Amino acid sequence: MQTAFPRWSCRERQARESKLELDLRQSRRGAFWGCRSAENVLAASMLVSDFEMTMDAQRWPVCGVGAVAVDLLHRKEHLAKALIEKFLALCKQRGAMVALLYPFNIGFYRKMGFGLLTENYRFRFRPEKLLYSASGKCGLRCAQPKDKERVLAFYRAWAARYNGMLVHRVWDELRIFEGKNVVIHCDKSDEIDGYCCWSARPTGPEGFYSSALTIHELVCGNAAALQAFSAMLASLADQFAYVELYTPFQSGHLLAADADSGENDAYRNGIQEYARYCGGCMAKIVDLPAFYRAPIKIGQGLRMSPFTVRLEICDPFSQRAAEEVLLHWEDGCLSVRGAEKKPDVTIRGDISDYTSFALGAEPLKTLCDFSRLHVDDPRYLPALQSVLGKTEKPICFTYF
């Protein structure tokens, strides 16, 4: 890590190294893999972790790769490519349906077949602009060590409701509790139905009141919990200049009566800036036939005639010809068919774009409009979206 990221400050490097050393000793978050140079020196490494991802109310086995690092003296030797090839092979061996990563460069990993999956927003509010409900902060208290298991259990139950959410015992615990303050909300029966992870940071010259309160994670199981946390944040106007909220939900601006961030990079009809938007993790379907192999009950209740779709999906990274898969939908059941079945419609494109569609990140029509995917008979677009697409976009809190 020292030779891979020379721009890191000494403090950043030491913090990163201490975490990696702990992982190497305890394998807390996953397993490290590496490549050695001709001189038998470790020249590149990565951390591979196993997760469960929610999709269509089911838990899918998926793998994630992080901490990808290549020694400065061994750049442009295709070591990162070798690491990702090994990672994808490990995904297949472990039966993972999807491979995940957070990119340092979207274009770099798109060439390897990864498509954009999630997105994130940063909202910046004045505390006094946040909505304060009549019920106030009722039900809030600071989390104690004894609450840790209950908070994790609540997160796992909440994550089961949203496509894209990941579950991993160690990653969840570190993400929620390490170096953060945690406030929980409990209902009348003392059951946790929300939590908020936050920390404070200075925003200007020295002074107690020139600080921002950063909300790393805000998870609410109902409106009462959300209203209580909003009231808590609104009551801190005399201590913090801003509240910064990091969330995958675009609707975060609804927490404030005035969502103006104060940064206001206005342009033409963009009068006020109230959020910063960026991509999140990327995904790749590892084995397309296996992805659809098990019969899937989907699109039940749709009034459509049976149809067969042929997928011609290429993966330049694997240097193989376009993979063809025939899928037949009838009476709410989607199944893989043999080559003898004549298709009614064909979808062609790259595995990166097809992954974004199949996992719900982008609608099929949008990808076709931008020439990312091609459907040879546009009349089937609504049916293909209903059967092969998702009704909600995936979200994810877990950074690895």
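Two strands count as paired if DSSP finds at least two bridges between them. The strand pairs in the views below belong to a predicted model.

**Figure 1. Overview of the predicted protein.** The model is a prediction, and the protein has 400 residues, of which 48% count as buried. Its chain contains 10 helices and 20 strands. Take the contacts between residues at least 6 apart in sequence: 69% of them join residues at least 24 apart.

**Figure 2. The hairpin of β2 and β3.** Strand β2 covers residues 42-55, and β3 covers residues 58-70. The two strands pair in the antiparallel sense, with 11 bridges between them. One of the bridge partners is Gln58 in β3, which is matched with Met55. How many residues lie between β2 and β3 in this hairpin? There are two residues between them, and Asp56 in the turn has a positive phi of about 55 degrees. Ala57 is also found in the loop between β2 and β3. Ala57 is not a glycine, yet its phi is positive too, at about 65 degrees. With a relative accessible area of 70%, Ala57 is exposed, because exposed means over 50%.

**Figure 3. The hairpin of β1 and β2.** Strand β1, residues 31-36, runs antiparallel to β2, and six bridges join the two. Trp33 has Met46 in β2 as its bridge partner. The two strands form a hairpin with five residues between them. Asn40 is found in the loop between β1 and β2. Although Asn40 is not a glycine, its phi is positive, about 65 degrees. Is Asn40 buried or exposed? At 54% relative accessibility, Asn40 counts as exposed.

**Figure 4. Strand β2 and its link to β8.** Strand β2 is mostly covered, with 11 of its 14 residues buried. Apart from the hairpins, β2 is joined to β8 by two bridges, and these strands run antiparallel. Glu52 has Val167 in β8 as its bridge partner. As general background, the side chains of a regular strand alternate between the two faces of the sheet.

**Figure 5. An open sheet of seven strands.** The strand order is β7-β9-β10-β11-β12-β6-β13, and the pairing is mixed. Which strands are the edge strands of this sheet? The edge strands are β7 (140-142) and β13 (276-279), each of which pairs on one side only. From one strand to the next, the twist averages 25 degrees. At the β13 edge, strand β6 (residues 119-125) runs antiparallel to β13 and is joined to it by four bridges. Tyr121 has Tyr277 in β13 as its bridge partner.

**Figure 6. Helices α4 and α5 on the sheet.** Helix α4, residues 148-159, lies across β7, β9, β10 and β11. The direction of α4 is at about 105 degrees to β10. Helix α5, residues 169-177, also packs on the sheet, where it touches β9, β10 and β11. The direction of α5 makes about 55 degrees with that of β10.

**Figure 7. Close-up of helix α5.** Why is α5 largely enclosed by the rest of the structure? Seven of its nine residues are buried, so the helix is largely enclosed. Buried means under 20% relative accessible area. The buried residues of α5 are Val170, Trp171, Asp172, Leu174, Arg175, Ile176 and Phe177. These buried residues pack against several elements, including β2, α4 and β8 (166-167). The strands β9, β10 and β11 are among their partners as well. After α5 comes Gly179, which has a positive phi near 70 degrees.

**Figure 8. The second largest pocket.** This pocket has a volume of about 470 Å³. It is lined by 22 residues, and Leu218, Cys220, Leu226, Ser251 and Leu255 are the closest to its centre. Rolling a probe the size of a water molecule over the atoms shows where empty space is left. Which elements each supply at least two residues of the lining? They are β11 (211-220), α6 (223-234) and β12 (242-247). Helix α6 gives the largest share of the lining, four residues. By type, the lining of this pocket divides into 14 nonpolar residues, seven polar residues and one charged residue.

Technical notes: Residues are numbered from 1 along each chain as its sequence is written. This is a predicted model: local features need pLDDT of at least 70, side-chain atom pairs count only at pLDDT 80 or more; totals for chains, interfaces and linings use all residues. Side-chain values use heavy atoms; hydrogens and water are left out. On a 1 Å grid over the protein atoms alone, a cavity is a set of points where a 1.4 Å probe fits but cannot get out, and a pocket is an open set with protein on both sides within 12 Å along at least five of seven lines; lining residues have an atom within 4 Å of a point. Grid points are joined across faces, edges and corners, and a volume is the space filled by probe spheres set on the points. Ala, Val, Leu, Ile, Met, Phe, Trp, Tyr, Cys and Pro count as nonpolar, Asp, Glu, Lys and Arg as charged, and the others, Gly among them, as polar. Axes are lines fitted to C-alpha atoms, for helices over the stretch in contact, and angles run from 0 to 180 degrees between N-to-C directions. Contact means heavy atoms within 4.5 Å. Buried means under 20% relative accessible area, exposed over 50%, partly exposed in between (1.4 Å probe, protein chains only).
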